[in-house]
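Colleague: Got a minute to go through this one with me? Please put it up and we can start with the strands.

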Amino acid sequence: MTARDSDSEVTGTIWVRHNRIDVAVHHLTDGSDPAHRPLLLLHGLGERTPESVPETVRWPGPVYGIDFTGHGQSTIPVGGGYTSEILVGDVDAALEQLGEVTILGRGLGAYIGLLIAAARPDQVLGVVMSDGPGLVGGGIHPGSPSVSFPAPWASETPDPFALIELSRDVRPPDYAQTYVRFVLESSKLEKALMVCAVARPEWLLAVAAEPGVGHGTVDEALQFYAAL
Amino acid sequence: MVPDPVSEVLALPEGVRRPDRRREVDAAGVRLSVAEWGEEQAPAVLLAHGGFDFAETLNRFAPMLADAGYRVVSWDQRGHGESAWAHLYSWEADIRDAAAVLATLPDEPLPFIGHSKGGSMVMHLANVAPHRVSALVNLDGLPSGNNMSDVSELERTRMQRDEMDRWLAHRRMLSDKQRRPGTLEELAERRGRMNPRMSTEWLQYLVQVGGRQDADGWRWKLDPTMRMGGFGPWRPEWSMLRLPGLGVPMLGVMGLEIEVMGWGSRPADVEPYLPPGAQFEGLEGVGHFVHIEQPRLVADLILEFLS
């Protein structure tokens, strides 16, 4: 990983390298307590990190947001090939820079938040799983196979390949459950996952049903993790 | 014809022939190198190589089909052989690339043949484009969920976690990663660990057609960022359930010697999924690379099936 650019001011963009992708990690604020554990925003499918911290997001410390591969300011890969697992790698590259974080994921970002929490339980102290684009994914098993060619060589994000491929990403409930158990076994938190989404596709229903997974509004979940 | 490699060390294995032609296909921005054997006007067959192989691993097998009157069309998958390295790799991307190659062939149904991963790919492609396939040949490429039947659920979960950890560790090490160079003999020896039934002569030949000689030694022409395995929700039955509804004749050839690069599937694992009328051949004493170990036998099975 190489830092292509960094900014010593309160806000700016850190660039982290994930294989051939430059991933933009936006530093939105230091908050009232710059020494507090940061909040990391994971956007939904087709979105990008917002320009500033949304008013509904109350967090005492720094707030960062990742632009996933093919989104926002991050590199657009040529010829697609997206999987959720690649996006988990994006977040992992950012965690190397950021250290411990709490994650607020929207839609697709909520699913990625679950997977990275399972992979890095020591660094991810709480995931808030909220509504947003890409929450459903591609269902619990593959649909009828087809091949889609979106308009190639998009010059701007979001990459049409990302929109197509990541909306077909299959999410079996028992697969998601396995990652919940990894999180609950390894995390030092009592409630390491909080399901706040109103919409609950099958994978998220399975997550929400696991003992040890918390529930509440996004604000309640954020205040719970902020107080830790 | 692409010239045979100049070798100071070795004689060419018997019967090898490099592709008669190479051409390029643009698959949504990814440059794919297509390798063909046989007359351009002959009826085409689509032939997909396996993972971490390349089209020129077919240099002995493909000419046998070509000499029987076919235009054999293969391609180096993204990241493999002469094709470009990509930003990302996925099953969906590989299928889309295969469809891009298929789209360059005459608009009529043709046989799809694939080995290992390539076998699963053409099985998928036959479902994507049933109007373009006339017959399906699968060479030791039928995955099975039963090859870990002696592993407990707890152990399987642990393996899933280990796989995720290893995958992320791999992703963190990728920047500027290069393949390890070596002498021709060393590369052949390394590949031999994953292809233990291949002869030294054959493996050393493969280095010359699938490797590149840099100042510090030979390297395989394979993107070093690709990795076998990975983590994700894929299940073997998802592939196998594409088989029973296949509407064209099918030939399955399976090597009965279990090998590290194979799926570990047994005939009993796949027979329930075969479409009505399918022909299935289990080859005793043959490993995963059925078409390399027994090219004449496998080519004859295919030619008879296609006739």
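Modeller: Keep in mind that this is a predicted model. Start at strand S9 of chain B, residues 250-255: 6 of its 6 residues are buried, so the strand is largely enclosed by the rest of the structure.

Colleague: Which residues of S9(B) sit on which side?

Modeller: B:Met250, B:Gly252 and B:Met254 are on one side. B:Leu251, B:Val253 and B:Gly255 are on the other. Both faces are covered. In a regular strand, side chains alternate between the two faces of the sheet.

Colleague: What pairs with S9(B)?

Modeller: Strand S6 of chain B, residues 133-139, runs parallel to S9(B), with 4 bridges. Strand S10 of chain B, residues 279-283, is also parallel to S9(B), with 5 bridges.

Colleague: And which residues are the bridge partners of B:Leu251?

Modeller: B:Val137 is its partner from S6(B). In S10(B), the partner is B:Gln279.

Colleague: Switching to chain A. What is the strand order in the open sheet?

Modeller: The order is S1-S2-S4-S3-S5-S6-S7-S8, 8 strands with mixed pairing. S1 (12-18) and S8 (214-215) stand at the edges with a single partner strand each, so one side of each has no neighbour in the sheet.

Colleague: How many bridges join S5(A) to S6(A)?

Modeller: 5, and the two strands run parallel. A:Ile103 stands opposite A:Val127 in S6(A).

Colleague: Which strands do helices H1 and H2 of chain A touch?

Modeller: H1, residues 84-98, packs on the sheet and touches S1, S2, S3, S4 and S5 of chain A. Its direction makes about 120 degrees with that of S1(A). H2, residues 108-119, also packs on the sheet, touching S3, S5, S6 and S7 of chain A. The direction of H2 makes about 155 degrees with that of S6(A).

Methods: Residues numbered from 1 in each chain as written. Chains lettered and ligands numbered in written order. Predicted model: local features only at pLDDT ≥ 70, side-chain atom pairs only at ≥ 80, totals over all residues. Buried ≥ 20, exposed ≤ 12 C-beta atoms within 10 Å, placed from the backbone. Pairing = 2+ DSSP bridges. Contact = placed C-beta atoms within 7 Å. Axes fitted to C-alpha atoms, helices over the stretch in contact; angles between N-to-C directions.
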